[in-house]
Amino acid sequence: MIPVAVGAASASEADTVDALISVLEDPDARERLLERLRGLPAAGPDDPVAAPETEPEAVSLPRQIAQLTQQAAEGGVAEIRRQVEMAREVFDTLRDADWVAFGLAVLDLAILIAVTVGVFLVLRRLARPLFAAMDRWVLASNQTMLLLRTVPAVLLAAAIDLLVVVLAWVTGYGLALLVLGDAGLMEIRHSLFLNAFLLIEVAKAALRLLFASRYQGLRVLPMAGEEAAYWNAWLSRMVGFIGYGLLLIVPIVNYNVSTAAGRSVGLLVMLVAFSYAVAIILQNRVRVRQKLLEAGERSGLMFSRFALTTLGRIWHWVALLYFAALAAVSITRPEDALPFMAMATGQTLLAIIAGFFVGALLTQVISRRIHLPDETRRNFPMLEERLNAYIPTSLKVMRIAILLVVLAVIADAWAVFNLGAWLASDVGAGLLGKVLSVAIILGIAALFWLVVASWIEHKLSPDTGRGMPSARQKTLLTIFRNAIAIALVVLVTMVVLAEIGINIGPLLAGAGVLGLAIGFGAQTLVQDIITGVFIQLENAINTGDVVQVAGTTGTVEKMTIRSLGLRDLSGTFHVIPFSSVGTVSNFTRDFGYHLGEYGVAYREDTDEVIVRLRQAFEELRAHPEHGLKIVGELEVHGVTALADSSVNVRVRIKTLPGEQWGIGREYNRLVKRHFDAAGIEIPFPHMTLYFGEDKKGSAPAAHLQVVHRPAEGREEAAEKPESFARDPRARANPKHKGDFDEGDDS
């Protein structure tokens, strides 16, 4: 084991020495190595081994920006110096170049390019019927199934497009390996082209996935065909120009001429690409802004509307900043500029596309209204509405979560935020765990409330097979639902605060002290609540009852744990605290009575009166509407009083609860009609004057007769002052003097 280890170590040391020699021989690499060595902190003399293990000090964002600015400025100055040296090297290289070998190499590379691109175009041509068939399949679906068909069709089209690229690349790889070069060997220029071809065509496939200029059903971005074709062509040309320039031309120049010449070619490529991009962006600035603003106005979501409107105003600045960053990184970091920008751009686009698809898929699946069976709707009337009410909130929460994930992935792509390290850290794992815990707690609370509320509605529903619930059940279940809601909100709030790391011990202690202070300072409130609880437990008052409490009579319309609301006969609504309720008089508990006391004249026969009262009751009970509200026979209590002007007979009718007043009014109407038909007098306050009439009526009373005289007889009547004096109405109104006179009907 030891010799192997030594041999391995020796080989590793030899490789390290060779790499160090190559770095020192290259002026540019040597300069970069020196810059890195200058930036390293000095190791302590006493602990040379522990110094490299020390974690690097965190650099603030302003310092990072300052360092980037400094590097850009220094890189620009160094680049100018390199260009001067490069011009001399290029001149010497071109003077000593073997042009015959160069021509053969170009021809060799041209054959590879022609074959690879030709195979790619032929395969793309053969794949068009598949793309067209998938496009028709998507467009033939209805609005409900559109997204469910679009997602698999787009993914399948992307897979086919990538397969075409890979097959063309494999063909070119086999040609370069077996035909153009020595058997089993591949030239560097062939490898550079094939790698560039693979990366560039994969990037173009991603653009075709977004725009799909020929196939509307496979187009991810919502735009017209001409618009999609324009942006697809422009971006494809940009990707091809930058990609082949930096991945093929620049490495070939580096290998055959010099590194400085290759850097100059790369700089020229990026400057041309940047100028072209600036021209296109400024040319389409207004048109794209208008499109984005129109899309924002059509959006139904506030967040989407805000995002599209904001992007419409600043999109050209974002695009210019992107291409400027691409050019700056290419100048300052030519060795890894293109891979970094390609990876960052690809990861950004992938995150945006994935977030868009996931959000659209959730919207398509979840936003559809939930329909429950008819039997379930009868048993749980509000369950369907409650479930559908949760959908908008759930979609908002999911969209916010998707947006945060997309932003985190984009920040990680551009090295602003290390997502993997953050998730692996204690802070990231703890925060993610807390978020998941809070989401689970809120989900369980929502599910519990859904079950409790549905059970209460099941009990209150008249279609559950148990009939209409009683007023007491309605009141108690309503109060129970409110109490559960309050307790659930308080409990969930406490648990969530504890879960996110807030110490709820002082909060609970403060709440206890506050509750004690409220208990002492609001004794009336406590009395209201305690009295209300016992009133509900004793079933003294229910919603809909007609009661008399605290001197007020009315119908109970609302009951809380502290007070009740009464609506009196005039429509006035009274709120009465339970602490003011001393006695409760409930007029609608179990049954009611109409208690009627009817007075007749002394000369009437009370037996006949009772007969007439029973006849009126029989007619009332035969009524198709009122008869159903009577639950017993007529109770005749007999003569209850010999009053001053009447003989009183009392009866009682038992009715359904709350129906005694209507039955009483109808019965009074029938009694009056029956008494009138029988000639039974119902006395009313008046005065009768008798002159010696005995029990048999033999002594006739004096009668007054009203005589109306003509106008000419009034003067004659005026001469009889004694007649005027006898007539009190004439004394009260002198102008009618002489209109009344004594008369005799004998």
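**View 1. Confidence along the chain, from helix 23 to strand 8.** In this predicted model, confidence is lowest in helix 23, residues 728–732, where the mean pLDDT is 41. At the other end of the scale, strand 8 (residues 647–655) has the highest confidence, with a mean of 93. Taken over the chain, the mean pLDDT is 75, and 70% of the residues reach 70 or more.

**View 2. Two stretches with pLDDT below 50.** Welcome to the parts of the model to read with care. One of these stretches covers residues 41–58, where the pLDDT is below 50. Beyond near neighbours in sequence, residues 41–58 have two contacts in the model. The pLDDT is also below 50 over residues 720–746, and this stretch has 23 contacts beyond near neighbours in sequence.

**View 3. An open sheet of five strands.** To find your way here, follow the strand order 4-3-2-1-5. The five strands form an open sheet with antiparallel pairing. At the edges lie strand 4 (573–577) and strand 5 (584–586), each of which pairs on one side only. From one strand to the next, the twist averages 40°.

**View 4. Strand 3 beside strand 4.** Here we move in on one pair from the five-strand sheet. Strand 3 (residues 563–567) and strand 4 run antiparallel, and five bridges join them. A handy landmark is arginine 567, which stands opposite phenylalanine 573 of strand 4. In general, strands of a sheet pair through backbone hydrogen bonds, in either a parallel or an antiparallel way.

**View 5. An open sheet of three strands.** This time the order to follow is 6-8-7. These three strands form an open sheet, and their pairing is antiparallel. Strand 6 (592–600) and strand 7 (635–642) are the edge strands, each pairing on one side only. The twist in this sheet averages 25° from one strand to the next.

**View 6. Strand 7 beside strand 8.** Six bridges join strand 7 to strand 8, and the two run antiparallel. To spot the pairing in the structure, look for alanine 641: its bridge partner in strand 8 is asparagine 648.

**View 7. Two helices on the three-strand sheet.** Helix 19 (residues 606–621) packs on the sheet and touches strand 6, strand 7 and strand 8. The direction of helix 19 makes about 25° with that of strand 8. Helix 20 (residues 660–678) packs on the sheet too, touching strand 6 and strand 8. For helix 20, the angle of about 25° is made with the direction of strand 6.

Conventions. Residues numbered from 1 in each chain as written. Predicted model: local features only at pLDDT ≥ 70, side-chain atom pairs only at ≥ 80, totals over all residues. Heavy atoms only, no water. pLDDT = per-residue confidence, 0-100. Helix = DSSP H or I, 4+ residues; strand = E, 2+ residues; numbered from the N terminus. Contact = heavy atoms within 4.5 Å. Pairing = 2+ DSSP bridges. Axes fitted to C-alpha atoms, helices over the stretch in contact; angles between N-to-C directions.
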